[in-house]
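Biologist: Hello! I would like a close look at the aromatic side chains in this protein, and at the parts of the fold around them. Could you walk me through them in plain terms?

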Amino acid sequence: HSRMRTPRWSAAAALGAMTTWLILTASVCAQATWSRTPSNTAELLNAVAHGNGLWAAVGENGALVTSLDASTWTQGNSGTSDTLRAIVHDGAHFVAAGRNGTLQTSPDGNTWSDRNTGVTALLSGLAHGDGLHVAVGANGTVITSPDAVTWTTRFSRTSEFLQGIHHGAGLFVAVGSSGKIVTSPDGITWSDANSNTSSFLVGGGYFAGRHYVVGQDGVIASSANGSNWFLETSGTLARLRAFTTDGTTALVCGDDGTLLKSTDGAAWAPVSSGQSVILAGAAFADNRFVVVGEPVANDGLIIVSERDPGLVWETPILSVGEADGSITLTIRRLGPTTSAAAVAFQTASGTATEGVDFTPSTGTKTIPAGESTVDLTINITENPEEELPETFTVTLSAPDPATLVLYNPAVA
């Protein structure tokens, strides 16, 4: 089950009767390096999340460690001795779930409250989206809550072990044993989907307009709508456990120190983690990837990869009518903003023609000190004729200072 693809890193702009694809690119691509940092716990860490300026990782026997910078970690008290399998941040609170239906919440990552879920099954996955928390677990367990305090049991349409769940584009996607995938737009009504695999599925995420799930035997599957799934080529047979993204790169981690990355969701490349143990959980925030896992030398594993200071296209989806006359793109600076930064840009014709379909544009954009974004406006020409889809490109190059990385592909 494979398929032909259009570029995942393109952004669509609908111009009247014509659809034009803006292909936003950068001239170089950054390479990630990973470093290990002490976790100050001997337990296996299963999951990690970031919110309100704080990192929090949870694991076996109620283990909790927190950090402000992902470098120095402090043991905390999660309020339970039950193993915690999952953690998310909903914008206001951390929510962690685990064995025996345990669910803990915290406004600050330090003080935790036990919540009554009404279930005793192992809860192994958490997601938050559209104002709703959803937790999944053993025996097809699905529970939902608008506030992470009051929980309601839902009918998932399966008795399979649901190991993980993610939310994206208005859809919850839960995965588990025997290749099981169930989806829901509201957390209440669930539908079966054919994953095209019988491998145990463990986790997933949303990237570049598609849902992704990962699992045993190196399985990576993707879907644009949550219903039709296609198997990707991962290049590994390792059990894959977690999926995260910074918007331009997707990262998957798994057993035997396995790390894979992709900038389009189709081509996956191995990344050296420097480890040979289970990598169980991953998250991206605050300009860095954090991966947690199995203890090494009696210290729960935490490895970190900070993105080098650089520039990236921010806008993931672009849509404009010809009558609007223009489209605005945003360039975002990553890293310190203590001094100004500049970057050159240039449009180029594809099947859309400069001077006919859009106004050619070239020059330099400057992000002032203390600012993190700058906008670039491209003028669009209105044509009365109906046309087939066409393309043109906008490319960044020559950053100043030259140490700034241009992240490519540019759009998630």
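**The aromatic rings and their surroundings**

Modeller: A good place to begin is a cluster in which ring pairs link Phe207, Tyr212, Phe243 and Trp268. Please keep in mind that this is a predicted model. Over the whole structure, the search gives 8 aromatic pairs. One of them brings together tryptophan 34 and phenylalanine 289: the ring centres are 6.4 Å apart and the planes meet at 45°, so this pair is tilted. Tryptophan 34 belongs to the loop between β2 (18-26) and β3 (35-36), while phenylalanine 289 is in strand β29 (residues 288-296), so the pair ties together parts that lie 255 residues apart in sequence. Are these two residues buried or exposed? Tryptophan 34 is buried because its relative accessible area is 15%, under the 20% limit for that class. Phenylalanine 289 has a relative accessible area of 7%, so it is buried as well.

Back in the cluster, tyrosine 212 and tryptophan 268 make an edge-to-face pair, 6.3 Å from centre to centre and with 70° between the planes. Tyrosine 212 is part of strand β21 and tryptophan 268 is in the loop between β26 (259-262) and β27 (269-270), so here the pair ties together parts 56 residues apart in sequence. Both tyrosine 212 and tryptophan 268 are buried. A ring can also have a charge over it: the charged end of arginine 239 sits over the ring of phenylalanine 200, at 5.1 Å from the ring's centre.

Now to the sheet that holds one of these rings. Strand β29, the home of phenylalanine 289, is part of an open sheet of 4 strands in the order β3-β30-β29-β28, with antiparallel pairing. β3 and β28 (279-285) are its edge strands, each pairing on one side only. Inside the sheet, β29 and strand β30 (residues 299-306) pair in the antiparallel sense over 7 bridges. Valine 292, for example, has isoleucine 302 in β30 as its bridge partner.

A second open sheet also has 4 strands, in the order β35-β32-β31-β37, and its pairing is mixed. There the edge strands are β35 and β37, each with a partner on one side only. β31 and β37 run in the parallel sense and share 2 bridges. Leucine 311 stands opposite leucine 406 of β37.

Leucine 311 also leads us to the nonpolar cores. The largest of them has 20 residues, and Leu311, Trp313, Ile331, Leu376, Phe392 and Leu396 are those with the most contacts inside it. Two or more residues each come from β31 (310-313), β32 (326-334), β33 (341-349), β35 (373-379) and β36. Apart from this core lies another one with 14 residues, among them Val48, Trp55, Ala283 and Val290.

Some backbone details are worth a look too. Most residues other than glycine have a negative phi, and most peptide bonds are trans. Asparagine 196 is not a glycine, yet its phi is positive, near 65°. This asparagine 196 sits in the loop between β19 (191-193) and β20 (201-207), and it counts as partly exposed because its relative accessibility is 22%. Aspartate 217 likewise has a positive phi, about 65°, without being a glycine. Aspartate 217 is in the loop between β21 (210-215) and β22 (220-223), and with 41% relative accessibility it counts as partly exposed. Lastly, aspartate 400 and proline 401 are joined by a cis peptide bond, with omega about 10°. Proline 401 lies in the loop that runs between β36 (390-400) and β37 (405-406).

Stepping back, the protein has 37 strands and 0 helices. Of its 412 residues, 54% are buried. Among contacts with a separation of 6 or more, 52% are between residues 24 or more positions apart. The exposed surface comes to about 16,300 Å², of which carbon and sulfur atoms supply 48%.

Terms used
Residues are numbered from 1 along each chain as its sequence is written. This is a predicted model: local features need pLDDT of at least 70, side-chain atom pairs count only at pLDDT 80 or more; totals for chains, interfaces and linings use all residues. Side-chain values use heavy atoms; hydrogens and water are left out. Buried means under 20% relative accessible area, exposed over 50%, partly exposed in between (1.4 Å probe, protein chains only). Rings of Phe, Tyr and Trp (its six-membered ring) pair if their centres lie within 6.5 Å; planes under 30 degrees apart count as stacked, over 60 as edge-to-face and the rest as tilted. A charge sits over a ring if NZ of Lys or CZ of Arg is within 6 Å of the ring centre and within 35 degrees of the ring normal. A nonpolar core is a set of buried Ala, Val, Leu, Ile, Met, Phe, Trp, Tyr and Cys residues joined through side-chain atoms within 4.5 Å. Two strands pair if DSSP finds at least two bridges between them. Contact means heavy atoms within 4.5 Å. Accessible areas come from the Shrake-Rupley method with a 1.4 Å probe; for residues, only the protein chains shown count as cover.
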